[in-house]
Amino acid sequence: MKIDIWTWGTGGPFGRELGPAPNRRRRGHTATSIILSEEGEDYGAGFHFLIDAGAPCIETMVDKEILAPDVLFLTHPHFDHVSDLDRLANSRMRGLMIQRGVRDFERAESLFQPLTVIGTEDCLNHPQDGVRTRFGYLDGLVRWTPILDHDLWYSVQRLDGMLLPSEDVVVDDAFPLEFKALPVRHSKHAPGSCLFIFRFRSDKLRDRPDERGKGSLRSRNVVISGDFKSMEDWVAGNSDLRDPACLILDSNTIKDSGKYHASFEENKTLIDRWCSGDEEVLVLINHLSGFGDYSQGYYDHVPDDEDWENAVDEFLHSSKVTIRIAEDGECYRIK
Ligand SMILES: [Zn+2]
Ligand SMILES: [Zn+2]
């Protein structure tokens, strides 16, 4: 099984500043895909899971000829993580209509399943700040699917997008992905913010002898932090966060310790804590803004790519860990 991570958008919420000549790369709102496919096959036969839907992820996916996502996960309801949700829901349905030769919208809605959108109860349904307060009109094109419990492995049923605790699911009826959500502290206007841990089942892996001695037939985990300032001890200490195959980490600034986000400087502690084993880990630094580094006087300009690269190079970490600055529209294959 191939596990490909695509980072469609890797920027902060406000992008580059109007007026002064930008010294920085154009970076979109946050959106990340995990695409599973078999060796030797293209993506068409695989599965596509999208985590957050910041613009312009749909246009980039169209350009890269990526099929529509099977499931969307939302880390929190901030605009820079949902700004392409309308486009996603509508483009997906229109794509299905063209592929299957259906011209009538009402018939299409009865034929095609809505897109399953998964988030915590508050992320979706909070009365002031939940995603549905802004995008409730997409009912029918999407199916809002709240996560009821933190720190529990869930599977998604392929037929109807329902969530079931993994231990209760018939494996063949579910997508070959399991996930759990853990709460993080971010902003008071982002209720229900969470990080996601994913793990994957593979038929190919099933035939292999169990190398890890735990009856495990699974790949190593992929962790996507979402936006966060900090997390409770029981969260940061969760054993499923240890030694992931890939860790995608919100690092809104290099040095400035902002109110709502961890800086790269602060994240070094987490990287050391979570990636201390013998396994190789790919860390992708994401959500790069840097404006706080400028406004708080750490740099005399908003950090550009070279500044981010220098900060990563100066960090002495385990040789098993590779840290990269995530790029828009880039694909990273996980071993
Ligand atoms: Zn946010
Ligand atoms: Zn954000």
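Q: What makes Asp 80 and Asp 227 count as buried or exposed in this predicted model?
A: Both residues are buried. For Asp 227 the relative accessibility is 2%, and the cut-off for buried is under 20%, so Asp 227 falls on the buried side.

Q: Why is His 186 called buried?
A: Its relative accessible area is 10%. Buried means under 20%, so His 186 gets that label.

Q: How do you know which residues are the protein donors of the zinc ion (ligand 1)?
A: Look at the distances: His 76 (NE2), His 78 (ND1), His 186 (NE2) and Asp 227 (OD) lie 2.1 to 2.3 Å from the zinc ion (ligand 1). A donor has to be within 2.8 Å of the metal, so these atoms qualify. Along the sequence, the spacing reads H-x1-H-x107-H-x40-D.

Q: Why is the arrangement around the zinc ion (ligand 1) called irregular?
A: The four donor atoms subtend angles of 89 to 163 degrees. Tetrahedral would need all angles between 85 and 135 degrees, and 163 breaks that, so tetrahedral is out and the site is classed as irregular.

Q: Which residues coordinate the zinc ion (ligand 2), and at what distances?
A: Asp 80 (OD), His 81 (NE2), Asp 227 (OD) and His 287 (NE2) do the job, at 2.1 to 2.2 Å. Their spacing in sequence is D-H-x145-D-x59-H.

Q: What makes the zinc ion (ligand 2) site irregular?
A: Here the angles between the four donor atoms run from 89 to 167 degrees. The tetrahedral limit is 135 degrees, so 167 rules tetrahedral out, and irregular is the label for this site too.

Q: Why can Asp 80 and Asp 227 be said to tie together parts of the chain?
A: Asp 80 sits in the loop between strand E4 (71-73) and helix H2 (85-100), while Asp 227 is in the loop between E11 and H7, so the pair joins parts 147 residues apart in sequence.

Q: What bridges the zinc ion (ligand 2) and the zinc ion (ligand 1)?
A: Asp 227 does, and the two ions lie 3.4 Å apart.

Q: How do you know how many disulfides there are?
A: A search of the whole structure turns up zero. Take Cys 275: the closest cysteine sulfur, in Cys 246, is 9.8 Å away. A disulfide needs the sulfurs within 2.5 Å, so that pair is too far apart for a bond. Cys 331 is in no disulfide either, with the sulfur of Cys 246 nearest at 11 Å.

Definitions and conventions:
Residues are numbered from 1 along each chain as its sequence is written. Chains are lettered from A and ligands numbered from 1 in the order in which they are written. This is a predicted model: local features need pLDDT of at least 70, side-chain atom pairs count only at pLDDT 80 or more; totals for chains, interfaces and linings use all residues. Side-chain values use heavy atoms; hydrogens and water are left out. Donors are N, O and S atoms within 2.8 Å of the metal (3.2 Å for Na, K and Ca); water is not among the atoms, so sites may look incomplete. Four donors count as tetrahedral if all angles lie between 85 and 135 degrees; four count as square planar and six as octahedral if opposite donors are over 155 degrees apart and all others between 65 and 115; anything else is irregular. Buried means under 20% relative accessible area, exposed over 50%, partly exposed in between (1.4 Å probe, protein chains only). Helices (H or I, at least four residues) and strands (E, at least two) are DSSP runs, numbered from the N terminus.
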